[in-house]
Every structure is written in structure tokens, then in C-alpha cells.
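Please open the structure in a viewer and keep the sequence panel visible. The tour below proceeds by selection, one stop at a time.

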Amino acid sequence: NENNCSMYSALGILDEALAGSRPDVSKKLRAMREAQLDYFKEYGFDRSEGIFTQGGFYFEGTYIPARIFAADCQTWGINALTPQWIDGTFGAGTAYGIWQKTKDRAGYFDDEGVLRGIGFTDGHDIHSVEWTAGAILSAKLMALHYAKDKPAWARELRREALSMREGLEAFKIDHAD
């Protein structure tokens, strides 16, 4: 689903670029994006777990979701689909819930219990720069989304974006040495 989210975003960027000059192509792009949203509604989100699935496959006409937890499917989902769409589609607070599960399952915490990033999947021993960068964007987007109706969540999310950004400092290399 990470790739589905990337494609959804890419088609949106292409639509923006072509909307004024190629309305025929823009119309097709919007239809493709709507079909992708239908996929996420029907297959890409596990309502019972409250998370985006890693993906899945069809076997004899039946969709079988993968049961692997992928942290990037959660953050890419929040970033590409937006907290507004997620909450509007799956219920108020769903994006925030996805984020809570992502931290619980794949958060990377320092010795004081401060969130410093996320890893790839279940476990707390891996700190991925790439996936943490996606998580920082997720936290910032959700902070904006929840600022009016859930200000405590918004403050928490801003703090977490900052603590994860600070957590990336451990990966800096000083080339002057």
C-alpha cells in the first residue's frame, strides 16, 4: 500500500500540472484517483485493526490481506490520503489512532521513553531515517488537522514531530573531521 499511496500522490501532482492545459487527461487522472480511494475504502484499510494493510493478494477471486505490519503504510497513508480524508471516511480520530498504533508497534524510544523515530515493523530496536521523516510529516499534518477540535492531540503531535526530528541528529555526520 505504500506504493499505492505514492501513486495516488503522483497522480494528484500530475493532475494539478495538467488541469489547465489538458482537461481531458485531468478528468482521467481524477477518475483513477477515485478508483484508488475506493480500493483503500474496500481493501487497503483493516477496520478491525484500525491500520492500513501492508498489501495483499487475490487468490481464486478472494482478496487476502497481508498480516505484516508496515509502519510506512501507516505514515504514507496519513500523508497521501490526508488525515481529513481518513477521518471523514473511517471515523473521527482514525488518523490519530493509526499513529498511536504505529508508535506502539514500531516506535523507537530513547532511554527516557521519548519518541525518537520509527522502525519498519513490529519492534522497537530499529530507527529508520527515511521512515521517521515520513512520520514527522504525518505528525505535522495531523497537528494541523486536529488543532481546532483536539488541541491536546495537536500539541502532542507537534512535540512528537520535534522529538523525532531531534532523534535524527544521531545520524548526522560531520565531514569536516
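The stops that follow lead from two helices to the nonpolar core, a loop, the surface and the salt bridges. Please bear in mind throughout that this is a predicted model.

**Stop 1: helix α7**

Select residues 151-167, which form helix α7. At 1.5 Å a residue, its 17 residues should span 24 Å, and the end C-alpha atoms are indeed 24 Å apart, so the two values agree. Next, colour the buried residues of α7: Ala154, Glu156, Leu157, Glu160, Ala161, Ser163, Met164 and Gly167. To see what they pack against, add α5 (94-106), β6 (115-118) and α6 (129-146) to the selection.

**Stop 2: helix α6**

Keep α6 in view and hide the rest for a moment. Its 18 residues should span 26 Å at 1.5 Å a residue, and its end C-alpha atoms lie 25 Å apart, which agrees. The buried residues here are Trp131, Thr132, Gly134, Ala135, Ile136, Ser138, Ala139, Met142, Ala143 and Tyr146. Now restore the surroundings: the cover over these buried residues includes α3 (71-81), α4 (83-90), α5, β6 and α7.

**Stop 3: the largest nonpolar core**

Which members of the largest nonpolar core touch the most other members? Select Phe52, Leu81, Ile86, Trp99 and Leu157, which hold that place among the 37 residues of the core. Helix α6 gives the most to this core, with seven residues.

Centre the view on Phe52. Leaving aside residues up to four places away in sequence, Phe52 touches Phe40, Gly44, Phe45, Cys73, Gln74, Gly77, Leu81, Ile86 and Ile98.

**Stop 4: Gly119**

Move to the loop between β6 and α6, where Gly119 is found. Is Gly119 buried or exposed? Its relative accessible area is 1%, so Gly119 counts as buried. Beyond residues up to four places away in sequence, Gly119 touches Ala71, Ala106, Ile126, Ser128 and Trp131. Select Asp72 as well: the C-alpha atoms of Gly119 and Asp72 are separated by 8.7 Å, although the two residues are 47 residues apart along the chain.

**Stop 5: a nonpolar surface patch**

Switch to a surface display and select Phe57, Phe59 and Ile64, which make a nonpolar patch of about 280 Å². Of these, Ile64 belongs to strand β4 (residues 62-65). Ile64 is partly exposed, with a relative accessible area of 30%.

**Stop 6: salt bridges**

The model contains eleven salt bridges. Begin in helix α2 (residues 23-44), where Asp38 and Lys41 lie three residues apart, about one turn of the helix. Their side chains meet in a salt bridge, at 4.0 Å from N to O. Asp38 is partly exposed at 42% relative accessible area, and Lys41 is likewise partly exposed at 31%.

Next, select Arg116. Arg116 forms a salt bridge with Asp110, with 3.1 Å between the closest N and O atoms. Arg116 also forms a salt bridge with Glu166, the closest N and O atoms being 3.3 Å apart. Glu166 lies in helix α7 and Arg116 in strand β6, so this pair ties together parts that are 50 residues apart in sequence. Both acidic partners are partly exposed: Asp110 has 21% relative accessibility and Glu166 has 43%.

Finally, select Lys103, Glu156 and Glu160, which are linked in a network of salt bridges. Glu156 and Glu160 were met at the opening stop, among the buried residues of α7.

How values were computed: Residues are numbered from 1 along each chain as its sequence is written. This is a predicted model: local features need pLDDT of at least 70, side-chain atom pairs count only at pLDDT 80 or more; totals for chains, interfaces and linings use all residues. Side-chain values use heavy atoms; hydrogens and water are left out. Helices (H or I, at least four residues) and strands (E, at least two) are DSSP runs, numbered from the N terminus. The expected span of a helix is 1.5 Å times one less than its number of residues. Buried means under 20% relative accessible area, exposed over 50%, partly exposed in between (1.4 Å probe, protein chains only). Contact means heavy atoms within 4.5 Å. A nonpolar core is a set of buried Ala, Val, Leu, Ile, Met, Phe, Trp, Tyr and Cys residues joined through side-chain atoms within 4.5 Å. Patches are made of residues with over 30% relative accessible area and no salt bridge: like charges are joined within 9 Å, nonpolar side chains (Val, Leu, Ile, Met, Phe, Trp, Tyr) within 5 Å. Accessible areas come from the Shrake-Rupley method with a 1.4 Å probe; for residues, only the protein chains shown count as cover.
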